Amino acid sequence: MAHAPTKRRTARARKPSLLTLNITSMLDMFTILIIFLLKSYSAEGILLTIPTDLHLPTSTTQSAPEPGLVVEVSRNTLMVDGKMLDVNLEEIKTSENLLIDTLYQHLMVKTRQYQEISGLNPNAGFTGRLVLEGDREIPFRLLKKILYTCGQAGFINQSLAVFQKE
């Protein structure tokens with residue numbers, strides 16, 4: 001005499017033996033997460049490395065500086081693209097001459113290099129862009145001389161690096 005199947009056995013018999021996982025919704029979720037992360041971490045503008053002894057001024061500007069030659073002016077040093085120039089900033093501050101000869105000579109070398117590159121590759125034209133990282137304590141007279149010298153060397157698209165005030 002055969003026994004009638006129990007409820008448990010009939011329930012097991014109805015379940016499919018192979019379980020499948022529907023990953024379509026998971027792929028949609030990962031796609032949305034990837035797009036969100038890419039948009040969150042996308043870099044815009046340029047990455048500036050600020051020395052520890054340089055204190056940039058703050059500003060409410062919303063525009064980011066465009067890439068260009070970086071000139072750093074701290075209280076005691078003047079650097080162009082990370083190379084320290086042999087100048088005495090105290091003498092420059094007191095001088096009546098607007099042109100800083102050492103800076104001008106160095107910038108003219110850079111201008112010629114950029115122009116040679118743009119001659120070889122028309123897509124990389126010389127734009128004369130310059131980013132000035134100036135300490136907030138330097139006198140305006142010195143800043144004016146540096147900007148004038150950069151302009152005389154062909155770097156007429158000048159940007160000042162600042163901390164953005166929130």
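Ala, Val, Leu, Ile, Met, Phe, Trp, Tyr, Cys and Pro are counted here as nonpolar, Asp, Glu, Lys and Arg as charged, and the others, with Gly among them, as polar. On this basis, in a structure that is a predicted model, the lining of the second largest pocket comprises seven nonpolar, four polar and one charged residues. The residues concerned are Pro-67, Gly-68, Leu-69, Tyr-114, Ile-117, Ala-124, Gly-125, Phe-126, Thr-127, Gly-128, Arg-129 and Phe-155, and the space that lies in the second largest pocket amounts to about 150 Å³.

Two of these lining residues, Thr-127 and Phe-155, may be described in turn. Thr-127 is placed in the loop between helix 4 and strand 5, the latter formed by residues 129-134. Because its relative accessibility is 39%, and partly exposed residues are those between the limits of 20% and 50%, Thr-127 is classed as partly exposed. The C-alpha atom of Thr-127 lies 8.4 Å from that of Ile-156, although the two residues are 29 residues apart in sequence.

Phe-155, by contrast, is buried, with a relative accessible area of 0%, and has its place in the loop between helix 5 and strand 6 (157-160). When neighbours within four places in sequence are left aside, Phe-155 is in contact with Leu-69, Leu-107, Lys-110, Thr-111, Tyr-114, Phe-126, Gly-128, Arg-129, Leu-130 and Cys-150. For one of these partners, Phe-126, the C-alpha atom is separated from that of Phe-155 by 9.3 Å, with the two positions 29 residues apart along the chain counted as their separation.

Another partner of Phe-155 is Thr-111, a residue found in helix 4. Thr-111 has a relative accessible area of 4% and is therefore buried, the limit for that class being under 20%. Residues up to four places away in sequence not being counted, Thr-111 touches Phe-126, Ala-153 and Phe-155.

The helix that holds Thr-111 also packs against a second helix. Helix 4 (residues 101-120) and helix 5 (residues 140-152) meet at an angle of about 35°, and their axes are 9 Å apart; the crossing of helix 4 past helix 5 is right-handed. Helix 4 contributes Leu-103, Tyr-104 and Leu-107 to this contact, while helix 5 contributes Ile-146, Thr-149, Cys-150 and Gln-152. By class, the residues of the contact are five nonpolar and two polar, with no charged residue. Leu-107 and Cys-150, which take part in this packing, are also included among the contacts of Phe-155.

Conventions: Residues numbered from 1 in each chain as written. Predicted model: local features only at pLDDT ≥ 70, side-chain atom pairs only at ≥ 80, totals over all residues. Heavy atoms only, no water. Axes fitted to C-alpha atoms, helices over the stretch in contact; angles between N-to-C directions. Helix = DSSP H or I, 4+ residues; strand = E, 2+ residues; numbered from the N terminus. Left-handed = near helix turned anticlockwise from the far one by under 90°. Contact = heavy atoms within 4.5 Å. 1 Å grid on protein atoms, 1.4 Å probe; cavity = no way out; pocket = protein on both sides within 12 Å on 5 of 7 lines; lining within 4 Å. Points joined across faces, edges and corners; volume = space filled by probe spheres on them. Buried < 20%, exposed > 50% of the residue type's maximum accessible area, 1.4 Å probe, protein only.
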